[in-house]
Every structure is written in structure tokens, then in C-alpha cells.
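Here are my notes on the model you sent round, set out as numbered points. I have kept each one to a single topic, and I would be glad if you read them with the coordinates open.

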Amino acid sequence: ELAQPMIAGFDPDSDALTPASRDYLDRIADTLRPGLGQMLSLEGHALDAGERFGGDNGRLAFARAQTVRDYLVSEHGFAPGRVEARAWLAEIDAQGMGTRSVDARLVSPIPASRRQ
């Protein structure tokens with residue numbers, strides 16, 4: 001697993017990519033692209049859901065991850081079946097750090113010969 005924290009940031013109560021986030025994703029897209037057998041997991045975070053998302057942080061977090069997924073698929077040609085969006089049911093506040101963001105994890109399968 002290769003973790004890449006905070007690959008996209010968002011304004012409060014928003015799932016729209018900021019220009020800075022779009023630019024950063026454009027620069028790192030090739031390093032995030034899943035290879036043969038790999039999956040890219042995008043984890044949305046939110047503790048700032050307001051009126052637009054009915055105060056539902058989980059819904060906002062998932063919408064953020066889905067926005068990044070859709071961008072990588074449409075703008076960078078990622079295979080849709082190799083990119084998943086997800087969010088935790090409950091967010092743990094790390095003093096506000098990373099709670100308006102999406103993290104990425106590029107996951108490679110463990111070869112059968114190394115499984116226990």
C-alpha cells in the first residue's frame with residue numbers, strides 16, 4: 001500500500017474541487033494511476049457539513065471522494081473499476097487537520113506465495 005494524504009482540499013460544506021486541488025491532481029495523476037491488479041482507494045473526510053449537505057459529514061465526505069474519483073476517471077482516463085470512493089461513518093477530528101480533504105491509497109495485491 002502506498003498512502004498519499006490530502007491529495008485534494010475543499011471549501012467548507014463543498015464537494016467542488018478548488019483550482020489548487022485540480023492543479024495538484026493533474027501533477028500527481030500518473031503516480032496515483034493503478035497498475036495491473038492495483039486499486040486506488042479515495043477516502044473522503046469532513047467535519048464541516050452545513051446546510052448544503054444537511055449537516056451530514058459522512059455524505060459530504062463521500063461526495064468529496066466521489067468528486068476526486070470522477071475527475072481522475074474523466075480527465076486522466078483512470079479505469080473506473082480500479083478507483084473506489086469511500087468515507088468513514090464517523091470522522092475523528094485531528095484538530096481540524098485533513099477534515100476537508102481526500103486521501104489516496106494505492107493498494108497492490110499480496111502474491112499468493114506470500115499470503116499466510
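1. Contact, as the word is used in this note, means heavy atoms within 4.5 Å. With that cut-off, and leaving aside neighbours within four places in sequence, Gly77 is in contact with Arg33 and Leu72. Gly77 sits in the loop between H2 and strand S3 (83-87), and with a relative accessibility of 55% Gly77 counts as exposed, because the threshold for that class is over 50%. A further relation across the sequence concerns Gly77 and Ala29, which are separated by 48 residues along the chain while their C-alpha atoms lie 9.8 Å apart in space.

2. As to the status of the coordinates, this is a predicted model, and every value quoted here should be read with that in mind. The protein chain has 2 helices and 4 strands, and from the N terminus on these elements follow the order β-α-β-α-β-β. Of the 116 residues in the protein chain, 39% are buried. Among contacts with a separation of 6 or more, 75% are accounted for by residues 24 or more positions apart. The exposed area of the protein chain comes to about 6,800 Å², of which carbon and sulfur atoms supply 53%.

3. How do H1 and helix H2 (residues 57-76) pack, and at what angle? Their axes are 11 Å apart and meet at an angle of about 70 degrees, and the two helices are therefore roughly perpendicular to each other, since the range for that term is 65 to 115 degrees. On the H1 side the contact is made by Arg22, Leu25, Asp26, Ala29 and Leu32, and on the H2 side by Val68, Tyr71, Leu72 and His76. Sorted by class, the contact of H1 with H2 has 6 nonpolar, 1 polar and 2 charged residues. Two residues from the first point return here, as Ala29 of H1 and Leu72 of H2 both take part in this contact.

4. A search of the whole structure finds 8 salt bridges, and I comment on some of them. Within helix H1 (residues 19-32), Arg27 and Asp23 are 4 residues apart, which means that about one helical turn separates them; their side chains meet in a salt bridge with an N to O distance of 3.3 Å. The partners do not fall in one accessibility class, for Arg27 counts as exposed at 59% relative accessibility, whereas Asp23 counts as partly exposed at 41%.

5. A salt bridge also joins Arg105 and Glu43, with 3.2 Å between the closest N and O atoms. This pair links distant parts of the chain, since Arg105 belongs to strand S4 (residues 101-107) and Glu43 to strand S2 (residues 39-44), 62 residues apart. Is Glu43 buried or exposed? At 5% relative accessibility Glu43 counts as buried, while Arg105 is partly exposed with a relative accessible area of 26%.

6. Another salt bridge is formed by Arg86 with Glu84, where the closest N and O atoms are 2.8 Å apart. Both partners are partly exposed, Arg86 having a relative accessible area of 38% and Glu84 a relative accessibility of 29%. Elsewhere, salt bridges that share partners join Glu1, Glu43 and Arg105 into one network, and the pair of the preceding point is thus to be read together with Glu1.

7. The backbone deserves a look at two places. Most residues other than glycine have a negative phi. Met6, however, has a positive phi of about 50 degrees although it is not a glycine; Met6 is placed in strand S1 (residues 2-9) and is partly exposed, with a relative accessible area of 47%. Asp13 likewise has a positive phi, near 55 degrees, in a residue other than glycine. Asp13 lies in the loop between S1 and H1, and at 16% relative accessibility Asp13 counts as buried.

8. Finally, the loop between S2 and H2 contains Leu47, which is partly exposed with a relative accessible area of 35%. Leu47 and Gly58 are 11 residues apart in sequence, and their C-alpha atoms are 8.5 Å apart in space.

Key: Residues numbered from 1 in each chain as written. Predicted model: local features only at pLDDT ≥ 70, side-chain atom pairs only at ≥ 80, totals over all residues. Heavy atoms only, no water. Salt bridge = Lys/Arg side-chain N within 4 Å of Asp/Glu carboxyl O. Buried < 20%, exposed > 50% of the residue type's maximum accessible area, 1.4 Å probe, protein only. Axes fitted to C-alpha atoms, helices over the stretch in contact; angles between N-to-C directions. Parallel < 35°, antiparallel > 145°, perpendicular 65-115°, else oblique. Nonpolar A, V, L, I, M, F, W, Y, C, P; charged D, E, K, R; others polar. Areas by Shrake-Rupley, 256 points an atom, 1.4 Å probe, with all protein chains shown as cover.
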